[in-house]
Amino acid sequence: MLSIEVRKSFGRFSLDVSLTLERGVTVLLGPSGSGKSTVLKLVAGLVEPDSGEIVLDDLVYYRSKDRGKATVLPVHRRRVGYVFQHPALFPHLTVRENILYGVPRGDDRRQDLPELIELLQLGGLEDRLPRQLSGGQAQRVALARALITRPGLLLLDEPFSALDVLTRQKSRQYLRRVLNHRPIPTVFVTHDLEEAMMLGDRVVVMDGGKVLQHGPPREVFLRPKSHKVARFVGMRNIYRGVVRRITPDGLLDIQGEKFDVQVEGRPVRVGARVIFGIRPEDVLYLRPERTRQPRGNVLEATIASVLSQGFMYRLFLRVTDDLYDLEMLLPRHVVEKRRLKPGDLCRVCLPQSAVHLISVEEGA
Amino acid sequence: MYRLLAAVAASLILIFLVLPLVAVFTSLQWTQVVVNLYDPLVFSAMRLSLVTSIISVAASVLLGTPLAYILARGHFRGKRLVGALVELPMVLPPAVAGVALLLAFGRQGLVGRYLGFGLSFSTLAVILAQVFVAAPLYIRAARGSFTAVDLDLERVSLTLGVPPSRTFYRVTIPLSLPGLFGGMIMTWARAMGEFGATIMFAGNLQGVTRTLPLAIYTAMQSDFSAAMVMSALMIIVSVAVLLLARGVLRHPEWGEGSVAEH
């Protein structure tokens with residue numbers, strides 16, 4: 001278990017993070033400049049906190065004076081495996097020498113070499129120099145080099161973000177495979193939502209040096225707890241509203257700034273100001289010939305614009321006089337079969353279970 | 001038109017730079033060369049130059065490397081000032097360097113006064129003069145090559161459990177080697193050629209402080225052919241050093257482009 005409680009300021013930026021991470025992969029997610037990479041550097045010891053405490057299991061990495069015996073464990077004694085955004089392989093050493101760099105001659109851990117080469121498919125590259133490797137290969141060597149030391153903690157700082165899309169996807173699978181094979185507590189920094197969803201057992205959303213939300217990926221993505229997190233995880237449709245009443249079957253009836261909705265949710269007192277939202281992919285298109293009234297919030301809307309995103313279309317819908325009020329994602333075949341185009345009228349449904357109550361302003 | 005002008009200018013300066021060197025060799029009488037090379041005066045000057053310059057390079061490397069590393073990686077107040085002070089002797093006229101060394105290490109000098117004896121007019125003085133003028137070249141080159149080593153490589157090494165001292169030997173030094181070597185060669189060439197500071201601070205005593213440049217100067221007044229032979233010798237050495245330096249910098253594993261591509 002890794003417990004972090006640190007403060008650090010650089011000029012105007014200040015970081016104040018308190019986290020307890022269990023086994024598995026924790027994804028630190030946030031926009032650039034949110035402080036997520038700094039957290040890794042603080043844990044690895046590359047940057048020293050102003051105050052606080054960092055402890056991995058029984059090993060104190062850092063402790064400031066005010067918490068007892070002041071401790072700063074040097075980087076090389078922390079047993080962390082660190083992989084940067086660029087591979088940072090030693091250019092004067094071969095692949096084999098790079099991987100074995102951290103394990104001295106005669107060390108038992110050297111016996112892991114064949115297994116790691118197999119696991120990361122580096123066979124045949126052992127005698128190459130780093131400049132003879134592709135980006136994906138180089139990053140796998142960097143991973144092998146970190147893993148062979150059998151670190152107590154793996155710190156990955158956007159390791160795949162410099163790779164092309166295909167290589168990135170493959171690299172994620174390699175990482176998953178390795179971690180299934182040797183479960184090492186891992187902190188993975190990224191700003192890629194898909195990556196967070198695929199790799200994370202937990203997601204920590206950061207912004208401005210603070211933790212905004214912490215939980216399993218599905219929960220963070222589908223149930224963001226604040227406007228900022230909701231925006232960051234891609235919940236494009238976010239609205240303010242006031243709770244008008246609670247229906248007999250326990251739904252919240254909300255008068256929204258643009259349209260009214262009924263939402264499943266925790267009990268909220270009538271009159272409370274709320275923020276609610278729905279992900280574009282959760283907005284349903286209703287076929288015009290459909291006669292049965294669907295359960296949920298049905299809206300009549302005008303298509304403001306249609307944007308092709310390759311395999312999907314993003315439709316911007318208007319229900320008020322604004323430029324647009326609602327975004328939805330539709331598969332290509334629906335848009336093409338229905339010949340949806342700007343100016344058309346359509347009916348959409350916001351299922352009560354998909355509209356999410358983001359936050360309630362208490363005391364309003 | 002501009003092309004033609006540029007070509008003319010380029011040829012003129014090239015001819016000007018090469019012609020004097022050619023003149024040394026065309027004026028040599030080859031029978032004289034053999035006689036002069038066995039001349040004990042030439043031989044002792046050559047030996048003194050080699051011994052003192054090698055010791056000077058060694059001293060510059062041993063004492064200069066830590067300073068260069070501190071200047072490359074350290075953060076401290078007055079770093080810019082220290083950096084400028086270290087490079088000052090490079091731009092100082094050698095004669096001024098000689099006077100300054102006398103005032104510091106001569107019998108009556110700032111340090112000499114307390115030592116009770118002067119360091120001037122000895123072989124040690126020759127080495128001090130050479131280190132004074134040449135070490136900054138090494139420190140500057142070493143600082144530059146340390147700075148060029150990607151910090152993340154050193155960081156990765158630390159996270160892999162390799163302590164800072166061993167990280168320095170296993171990552172920083174090997175990756176800086178071409179630059180360090182280039183710096184050593186420049187330092188050696190400068191030490192070999194040192195004249196002004198040496199003659200003022202160490203004097204011109206045959207076998208003790210009379211290095212090749214001083215011997216050439218001395219021979220000019222009596223035996224001109226000996227001066228020519230020694231000059232030819234130094235030109236050959238310089239060309240060899242230049243070629244060696246180029247060869248090292250082009251080494252396939254060390255040359256440019258091998259230092260971390262990303």
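**Helix α8 of chain B and the contact with chain A**

Let's start at one end of a helix. At the start of α8(B), the backbone nitrogen of B:D152 has a side-chain oxygen of B:D150 within 3.0 Å. Keep that helix in view. Most of this talk comes back to it.

A word on the model first. It is predicted. It scores ipTM 0.83 and pTM 0.81. Chain B has an average pLDDT of 88, and 95% of the residues score at least 70. There is a weak stretch, though: over residues 254-262 of chain B the pLDDT is below 50. Beyond near neighbours in sequence, that stretch still has 17 contacts in the model.

Back to the helix. Is α8(B) largely enclosed or largely open? Seven of its nine residues are buried, so the rest of the structure largely encloses α8(B). Here are the buried ones: B:D152, B:L153, B:E154, B:V156, B:S157, B:L158 and B:T159. Charged residues are on that list, with B:D152 and B:E154 both under 20% relative accessible area.

What do these buried residues pack against? The partners come from both chains. From chain A there are β7 (80-83) and α4 (135-147). From chain B there are α3 (40-73) and α9.

And the far end? B:G161 follows α8(B), and its phi is positive, near 90°.

Now the interface itself. On the chain B side, 26 residues are in contact with 19 residues of chain A. The area buried between the two chains is about 2,100 Å². Carbon and sulfur atoms give 67% of that area. Which residues of chain B lose the most area to chain A? They are B:V156, B:T159 and B:L160. Together they make up 30% of what the chain B side buries. B:V156 and B:T159 we have already met, among the buried residues of α8(B).

Next, the polar side of the story. The count of salt bridges between chain B and chain A is zero. Polar contacts do occur: four residue pairs, both residues at pLDDT 80 or more.

Which helices of chain B supply at least two residues each to the side that touches chain A? Those are α8 (151-159) and α9 (164-193). The biggest giver is α8(B), with seven residues. Sort that whole side of chain B by class, and you get 13 nonpolar, seven polar and six charged residues.

Over to chain A. It holds nine helices and 21 strands. Its C-alpha trace spans about 75 × 55 × 35 Å along the principal axes. Of its 364 residues, 54% count as buried. Now take contacts in chain A between residues at least 6 apart in sequence. Of these, 64% join residues at least 24 apart.

Two arginines in chain A deserve a look. Neither A:R79 nor A:R339 is a glycine, yet each has a positive phi. For A:R79 the value is about 55°. A:R79 sits in the loop between β6 (71-72) and β7 of chain A. That β7 is one of the elements that the buried residues of α8(B) pack against.

For A:R339, phi is about 50°. Its loop runs between α9 (332-338) and β20 (345-350) of chain A. Buried or exposed? A:R339 counts as exposed, because its relative accessibility is 67%, and the cut-off for exposed is over 50%.

To close, one thing to take away. α8(B) is largely enclosed, and α8(B) also gives the most residues to the side of chain B that touches chain A.

Technical notes. Residues numbered from 1 in each chain as written. Chains lettered and ligands numbered in written order. Heavy atoms only, no water. Contact = heavy atoms within 4.5 Å. Buried area = accessible area lost by both parts, 1.4 Å probe. Salt bridge = Lys/Arg side-chain N within 4 Å of Asp/Glu carboxyl O. Polar contact = N/O pair within 3.5 Å; in protein donor to acceptor, adjacent residues only side chain to side chain. Helix = DSSP H or I, 4+ residues; strand = E, 2+ residues; numbered from the N terminus. pLDDT = per-residue confidence, 0-100. Buried < 20%, exposed > 50% of the residue type's maximum accessible area, 1.4 Å probe, protein only.
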